[in-house]
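Reader: Please take one part of this structure and go through it closely. I would like to know how that part is placed and what surrounds it.

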Amino acid sequence: MIDYIFSNDWSDINQIVEYLEKNDIKSFSQGFFTKVFLIGEYVLKVNCGDIDNGFKEYVKYIVKNPSIHAPIIYQYKEINGHYLMLTELLKPMICNVEPVSITFLRELIKSNLYDIENTKLKEKFESMLSKDELKQVYEIFSFFKDFNNSEMSIDICLENIMVRNNTWVINDPLVQLNLQ
(Lines give C-alpha, C1' and ligand atoms only; values in the text may rest on other atoms or scores of the structure.)
Protein backbone atom coordinates (compact mmCIF):
# COMPACT_ATOMS: atom_id res chain seq x y z
CA MET A 1 0.00 0.00 0.00
CA ILE A 2 2.80 2.43 0.92
CA ASP A 3 4.63 1.79 -2.36
CA TYR A 4 1.41 2.38 -4.29
CA ILE A 5 0.73 5.64 -2.46
CA PHE A 6 4.20 7.04 -3.13
CA SER A 7 4.56 5.76 -6.70
CA ASN A 8 1.10 6.73 -7.97
CA ASP A 9 0.78 9.98 -9.89
CA TRP A 10 -1.90 11.71 -7.79
CA SER A 11 -3.33 14.93 -9.18
CA ASP A 12 -4.75 16.06 -5.81
CA ILE A 13 -3.58 15.32 -2.26
CA ASN A 14 -7.17 14.63 -1.16
CA GLN A 15 -7.26 11.60 -3.48
CA ILE A 16 -4.81 9.95 -1.07
CA VAL A 17 -7.10 10.60 1.89
CA GLU A 18 -10.02 9.11 -0.08
CA TYR A 19 -7.91 6.09 -1.05
CA LEU A 20 -6.88 5.48 2.57
CA GLU A 21 -10.44 5.79 3.87
CA LYS A 22 -11.77 3.42 1.18
CA ASN A 23 -9.19 0.92 2.40
CA ASP A 24 -10.31 1.30 6.04
CA ILE A 25 -7.25 3.28 7.10
CA LYS A 26 -8.62 5.95 9.43
CA SER A 27 -6.89 9.13 10.53
CA PHE A 28 -5.82 8.90 14.18
CA SER A 29 -4.84 12.54 14.46
CA GLN A 30 -5.58 15.71 12.61
CA GLY A 31 -4.21 19.21 12.81
CA PHE A 32 -4.99 22.35 10.86
CA PHE A 33 -2.72 21.29 7.99
CA THR A 34 -2.38 17.54 8.20
CA LYS A 35 -4.18 14.24 8.68
CA VAL A 36 -2.12 11.49 10.26
CA PHE A 37 -2.62 7.81 9.46
CA LEU A 38 -1.09 4.67 10.97
CA ILE A 39 -0.09 2.08 8.37
CA GLY A 40 1.52 -0.88 10.09
CA GLU A 41 4.37 0.53 12.16
CA TYR A 42 4.67 3.71 10.08
CA VAL A 43 2.97 7.09 10.24
CA LEU A 44 1.73 8.68 7.03
CA LYS A 45 1.25 12.44 7.23
CA VAL A 46 -0.94 13.92 4.51
CA ASN A 47 -0.90 17.71 4.23
CA CYS A 48 -4.50 18.01 3.02
CA GLY A 49 -5.42 21.35 4.61
CA ASP A 50 -3.70 24.60 3.73
CA ILE A 51 -0.16 24.17 2.44
CA ASP A 52 2.13 23.75 5.45
CA ASN A 53 5.22 25.74 4.54
CA GLY A 54 6.55 25.49 8.09
CA PHE A 55 6.77 21.71 7.97
CA LYS A 56 8.21 21.71 4.46
CA GLU A 57 10.92 24.10 5.68
CA TYR A 58 11.57 21.81 8.67
CA VAL A 59 12.07 18.83 6.34
CA LYS A 60 14.68 20.86 4.41
CA TYR A 61 16.38 21.76 7.68
CA ILE A 62 16.43 18.13 8.87
CA VAL A 63 18.04 17.01 5.60
CA LYS A 64 20.80 19.63 5.94
CA ASN A 65 21.18 19.23 9.74
CA PRO A 66 20.55 15.59 10.72
CA SER A 67 19.87 14.96 14.40
CA ILE A 68 18.67 12.20 16.68
CA HIS A 69 16.16 14.82 17.83
CA ALA A 70 14.46 14.98 14.41
CA PRO A 71 11.90 12.45 13.19
CA ILE A 72 13.10 9.72 10.86
CA ILE A 73 11.63 10.36 7.42
CA TYR A 74 11.41 7.25 5.23
CA GLN A 75 9.68 8.82 2.23
CA TYR A 76 8.63 12.32 1.26
CA LYS A 77 6.77 13.62 -1.77
CA GLU A 78 5.10 16.87 -2.74
CA ILE A 79 1.87 17.07 -4.73
CA ASN A 80 0.85 20.54 -5.89
CA GLY A 81 2.64 22.16 -2.94
CA HIS A 82 1.20 19.75 -0.33
CA TYR A 83 3.39 17.09 1.23
CA LEU A 84 3.03 13.39 1.83
CA MET A 85 5.46 11.91 4.32
CA LEU A 86 6.14 8.49 5.78
CA THR A 87 7.83 8.64 9.16
CA GLU A 88 8.45 6.67 12.30
CA LEU A 89 5.79 6.23 14.97
CA LEU A 90 6.64 8.40 17.95
CA LYS A 91 5.05 8.57 21.37
CA PRO A 92 3.70 11.78 22.89
CA MET A 93 5.48 13.24 25.88
CA ILE A 94 2.89 12.58 28.56
CA CYS A 95 2.66 15.42 31.06
CA ASN A 96 -0.21 17.35 32.58
CA VAL A 97 1.84 20.53 32.69
CA GLU A 98 4.71 21.62 30.48
CA PRO A 99 7.97 20.54 32.16
CA VAL A 100 10.48 23.20 33.18
CA SER A 101 12.98 21.58 30.77
CA ILE A 102 10.78 22.48 27.78
CA THR A 103 10.33 26.02 29.07
CA PHE A 104 14.13 26.30 29.38
CA LEU A 105 14.63 24.94 25.84
CA ARG A 106 12.10 27.40 24.41
CA GLU A 107 13.73 30.34 26.22
CA LEU A 108 17.23 29.28 25.10
CA ILE A 109 16.15 29.05 21.47
CA LYS A 110 14.30 32.37 21.68
CA SER A 111 17.28 34.08 23.26
CA ASN A 112 19.59 32.72 20.57
CA LEU A 113 17.32 33.96 17.80
CA TYR A 114 17.38 37.44 19.30
CA ASP A 115 21.03 37.34 20.46
CA ILE A 116 20.19 37.70 24.14
CA GLU A 117 22.78 36.57 26.70
CA ASN A 118 22.06 32.97 27.84
CA THR A 119 23.99 33.08 31.13
CA LYS A 120 21.06 34.23 33.28
CA LEU A 121 18.75 31.65 31.69
CA LYS A 122 21.25 28.89 32.42
CA GLU A 123 21.63 30.01 36.04
CA LYS A 124 17.86 30.12 36.46
CA PHE A 125 17.07 26.66 35.02
CA GLU A 126 20.08 24.34 35.20
CA SER A 127 19.77 23.49 38.88
CA MET A 128 16.13 22.41 38.36
CA LEU A 129 16.88 19.79 35.71
CA SER A 130 18.31 16.28 35.67
CA LYS A 131 21.49 15.52 33.72
CA ASP A 132 19.42 13.77 31.04
CA GLU A 133 17.08 16.74 30.67
CA LEU A 134 20.01 19.16 30.41
CA LYS A 135 21.70 16.94 27.83
CA GLN A 136 18.57 16.83 25.67
CA VAL A 137 17.92 20.57 26.03
CA TYR A 138 21.46 21.45 24.94
CA GLU A 139 21.49 18.91 22.10
CA ILE A 140 18.23 20.31 20.70
CA PHE A 141 19.47 23.86 21.21
CA SER A 142 22.59 22.90 19.23
CA PHE A 143 20.43 21.27 16.53
CA PHE A 144 18.67 24.60 15.95
CA LYS A 145 21.76 26.84 16.24
CA ASP A 146 22.13 27.11 12.45
CA PHE A 147 18.46 27.83 11.80
CA ASN A 148 18.16 31.16 10.07
CA ASN A 149 14.92 31.88 8.27
CA SER A 150 13.29 35.22 8.97
CA GLU A 151 9.97 33.94 7.60
CA MET A 152 9.74 31.17 10.22
CA SER A 153 9.49 31.02 14.00
CA ILE A 154 10.54 28.04 16.12
CA ASP A 155 7.61 26.93 18.28
CA ILE A 156 8.87 24.80 21.18
CA CYS A 157 5.99 23.48 23.24
CA LEU A 158 4.82 20.23 24.77
CA GLU A 159 2.70 19.39 21.71
CA ASN A 160 5.71 19.66 19.36
CA ILE A 161 7.94 17.28 21.31
CA MET A 162 7.51 13.54 20.93
CA VAL A 163 9.60 10.67 22.31
CA ARG A 164 11.58 7.87 20.66
CA ASN A 165 12.65 5.53 23.46
CA ASN A 166 14.02 8.15 25.89
CA THR A 167 15.05 10.68 23.24
CA TRP A 168 13.06 13.85 22.68
CA VAL A 169 12.10 14.34 19.04
CA ILE A 170 11.09 17.77 17.79
CA ASN A 171 8.17 16.92 15.57
CA ASP A 172 6.72 20.03 13.95
CA PRO A 173 8.33 23.19 15.33
CA LEU A 174 8.27 25.74 12.52
CA VAL A 175 5.53 28.29 12.07
CA GLN A 176 5.43 30.60 9.09
CA LEU A 177 5.25 34.22 10.14
CA ASN A 178 2.61 36.34 8.50
CA LEU A 179 4.80 38.59 6.42
CA GLN A 180 2.96 41.05 4.23
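Author: What follows is a close look at the five-stranded sheet and the parts around it.

The model is a predicted one. Its five-stranded sheet is open, with antiparallel pairing and the strand order S1-S2-S3-S5-S4. Strand S1 (27-30) and S4 are the edge strands, each of them pairing on one side only. From one strand to the next the twist averages 20°.

Strand S3 (42-46) is a useful place to begin. Four of the five residues of S3 are buried, so the strand is largely enclosed by the rest of the structure. On one side, S3 is joined to S2 by five bridges, and the two strands run antiparallel. Ile 39 is found opposite Tyr 42 of S3. S2 and S3 make a hairpin with two residues between them, and Gly 40 in that turn has a positive phi of about 65°. S3 is also joined to S5 by five bridges, again in an antiparallel run. Two facing positions can be named here: Val 46 stands opposite Leu 84 in S5, and Leu 44 stands opposite Leu 86 in S5. Helix H3 packs on the sheet and touches S3, S4 and S5, with its direction at about 135° to that of S4.

Thr 87 gives a view of the sheet from strand S5, where this residue has its place. Thr 87 is buried, with a relative accessible area of 3%. The side chain of Thr 87 reaches the backbone oxygen of Ile 72 at 2.5 Å. Leaving aside residues up to four places away in sequence, Thr 87 touches Tyr 42, Val 43, Lys 45, Pro 71, Ile 72, Ile 73 and Tyr 74. Tyr 42, which appears among these contacts, is the residue that Ile 39 stands opposite in S3.

Helix H2 comes next. H2 spans residues 13-22, and Ile 13, Ile 16, Val 17 and Leu 20 are buried in it. Viewed down the axis of H2, the buried residues fall within an arc of 100°, so they line one face of the helix. The cover over these residues includes helix H1 (2-7) and the strands S2 (35-39), S3 (42-46), S4 (73-79) and S5 (82-88). At the start of H2, a side-chain oxygen of Asp 12 comes to within 2.6 Å of the backbone nitrogen of Asn 14. Just after the helix, Asp 24 takes a positive phi of about 60°.

The aromatic residues add further links. A pair of aromatic rings is described by the distance of the centres and the angle of the planes. The count of aromatic pairs comes to 16. In one of them, the rings of Tyr 4 and Tyr 19 have centres 5.1 Å apart and planes at 45°, so this pair is tilted. Tyr 4 belongs to helix H1 and Tyr 19 to helix H2, so the pair ties together parts that are 15 residues apart in sequence. Tyr 4 is partly exposed, with a relative accessible area of 40%. Tyr 19 is partly exposed too, with a relative accessible area of 22%.

Another pair is formed by Tyr 61 and Phe 144: the ring centres are 6.0 Å apart and the planes are at 5°, so the pair is stacked. Tyr 61 lies in helix H3 (residues 53-64), while Phe 144 lies in the loop between helix H6 (131-143) and strand S7 (152-154), so the pair ties together parts that are 83 residues apart in sequence. Both Tyr 61 and Phe 144 are buried. The two residues belong to one aromatic cluster, which also holds Phe 55, Tyr 58, Tyr 76, Tyr 83, Phe 143 and Phe 147.

A second sheet can be set beside this account. It is an open sheet of three strands in the order S6-S8-S9, with antiparallel pairing. Its edge strands are S6 (91-92) and S9 (167-170), and each pairs on one side only. Two bridges join S6 to S8 (residues 161-164), and these strands run antiparallel. Met 162 in S8 is the bridge partner of Pro 92.

Conventions. Residues are numbered from 1 along each chain as its sequence is written. This is a predicted model: local features need pLDDT of at least 70, side-chain atom pairs count only at pLDDT 80 or more; totals for chains, interfaces and linings use all residues. Side-chain values use heavy atoms; hydrogens and water are left out. Buried means under 20% relative accessible area, exposed over 50%, partly exposed in between (1.4 Å probe, protein chains only). The arc is that of the directions from the helix axis to the C-beta atoms. Contact means heavy atoms within 4.5 Å. A polar contact is a pair of N or O atoms within 3.5 Å; within protein, one must be able to donate a hydrogen and the other to accept it, and residues adjacent in sequence count only if both atoms are side-chain atoms. Two strands pair if DSSP finds at least two bridges between them. Rings of Phe, Tyr and Trp (its six-membered ring) pair if their centres lie within 6.5 Å; planes under 30 degrees apart count as stacked, over 60 as edge-to-face and the rest as tilted. Axes are lines fitted to C-alpha atoms, for helices over the stretch in contact, and angles run from 0 to 180 degrees between N-to-C directions.
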